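Please load the model in your viewer and show side chains as sticks, so that each stop of this tour can be selected in turn.

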Amino acid sequence: MAVKRAANADMTAMQLFTVIPKFYGDKSNINPDRVKRFKAALAESKIKPQAVVVHAPYVLSVATPDDEKWARASGGLTKELERSSAIGAGCVCFHPGSAGTSERSASAKRIAKAIVVALETIDSSTRLLIENTAGAGRTMGRTADEVAEILADVPKSLRPRTGYGLDTCHLYSSGYDIAKSKKELTAVIDEFEKKTGEAPSFFHLNDSEGELGSNRDRHVLIGDGHIGEETFHWLMSDSRTNGVPLILETPQKNYDIADDDDSPDPYDVRMMRLLLS
Ligand SMILES: [Zn+2]
């Protein structure tokens, strides 16, 4: 039904959870029948499997210095890659989590290790991508340097199967002033591209309720926040948004919707019209 709702909003990419995101999901499998129905729905839509992004559970903090928690989070990430590969998704995106009281560079190594374990355990074409974060507390992945440092700790042979994506709300709330000018926005994406050695593999298009540098991860509809509509016009005209999934994580109008209702959310339709314009 998620595929149908996205397709009915005229989308050509989509993002979903394969498990309830506040749990580790480290033991959860997907019923093969659901996989079949998911693939059948995709085949009837304009959404290619490569444009399907799976968002890993939020609780998978593979940055943590706590060995026990790390093991469970790493197991959850590997399991997510397994489920996402089963449904044929193009990629999994995940928030690296918090370094806690540990040193950031040691934390970057733990994140990289979890990526390596997942990629070595699950051999598939589904990529595992880091999402830049809003930078609250000691969360990892808030700067281009940090994302680059994590990726640099992954052996070269596995590098093509990993990468990163950028969330506009997180960029802004972590202090990148992408709303200042087109030049500034371009410079920010340039910096990520230069430091990591590659362009972003997806974008999350969200406006920000929090101010510049507020470290708040609160998404609002495009045009309703501090970033504003114009930034998204600039972004859509950057060639690096071509051919990669562009995902809305903006609020829905109707959270209560019948299981068999395939109509798109009115807010999604509005956002799509805005982005296509
Ligand atoms: Zn996001």
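Select Cys169 and find its sulfur: the closest cysteine sulfur, in Cys93, is 14 Å away, which is too far for a bond. Cys169 is also buried, since its relative accessible area is 0% (buried means under 20% relative accessible area, exposed over 50%, and partly exposed in between, with a 1.4 Å probe and protein chains only). This is a predicted model, in which local features need pLDDT of at least 70 and side-chain atom pairs count only at pLDDT 80 or more, while totals for chains, interfaces and linings use all residues. Residues are numbered from 1 along each chain as its sequence is written, and side-chain values use heavy atoms, with hydrogens and water left out.

Move next to Cys93, which counts as buried because its relative accessibility is 0%. A search of the whole structure finds zero disulfides, a disulfide being a pair of cysteine sulfur atoms within 2.5 Å; for Cys93, the nearest cysteine sulfur belongs to Cys91, at 6.7 Å.

Now select the zinc ion, which Glu131 (OE), Asp167 (OD), His204 (ND1) and Glu249 (OE) coordinate at 2.1 to 2.2 Å. Donors are N, O and S atoms within 2.8 Å of the metal (3.2 Å for Na, K and Ca), and sites may look incomplete because water is not among the atoms. Along the sequence, the donor residues follow the spacing E-x35-D-x36-H-x44-E. Glu131 lies in strand E4 (residues 127-131) and Asp167 in strand E5 (residues 162-167), so this pair ties together parts that are 36 residues apart in sequence; strands (E, at least two residues) and helices (H or I, at least four) are DSSP runs numbered from the N terminus. Finish on the side chains themselves: Glu131 is buried at 0% relative accessibility, and Asp167 is buried at 0% relative accessibility.
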